[in-house]
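Reader: I am new to this structure. Please take a close look at a single part, the sheet and what lies across it.

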Amino acid sequence: MLEFKYDTQLLIDGKGLDEDRINAYITAHFKGDCLLVVGDDDMIKLHFHTNEPWRILEYCATLGEIYDIVIEDMDRQSRGLVG
């Protein structure tokens, strides 16, 4: 059993984005692991394992347009299940 079940990935298209500020906010406010926040002032790629991916989506939507959203159930994957 995984501690954090959902692999959450997305892109944020915005202005004045700051990877360090986004990383610090997510670390302080959300439970999870394997956080990656990379990009520049206009585009950020985010990767995070969490049990509440909808909260990450809500936060990221406040920063800019979010798209290419992928949320995968890693527990299902580890059991060889699809869908």
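Author: Here is the sheet, followed by the helices and the cysteines.

This is a predicted model, where local features need pLDDT of at least 70, side-chain atom pairs count only at pLDDT 80 or more, and totals for chains, interfaces and linings use all residues. Residues are numbered from 1 along each chain as its sequence is written, and side-chain values use heavy atoms, without hydrogens and water.

Start with the sheet. It is open, with 4 strands in the order β2-β3-β1-β4 and antiparallel pairing. Strands are DSSP runs of E with at least two residues, helices are runs of H or I with at least four, and both are numbered from the N terminus. Two strands pair if DSSP finds at least two bridges between them. The edges are β2 (33-39) and β4 (65-73), and each pairs on one side only. On average, neighbouring strands are turned by 10° against each other, direction ignored.

Now look inside. Strands β1 (residues 6-13) and β3 (residues 43-50) run antiparallel, joined by 8 bridges. Asp-13 stands opposite Met-43 in β3.

Next, the helices. Helix α1 (residues 19-29) lies across β2 and β3, at about 160° to β2. Helix α2 (residues 53-61) lies across β1, β3 and β4, at about 10° to β1. Axes are lines fitted to C-alpha atoms, for helices over the stretch in contact (heavy atoms within 4.5 Å). Angles run from 0 to 180 degrees between N-to-C directions.

Last, the cysteines. There are 0 disulfides (pairs of cysteine sulfur atoms within 2.5 Å). The sulfur of Cys-34 is 16 Å from the closest cysteine sulfur, in Cys-60, so it is too far for a bond.
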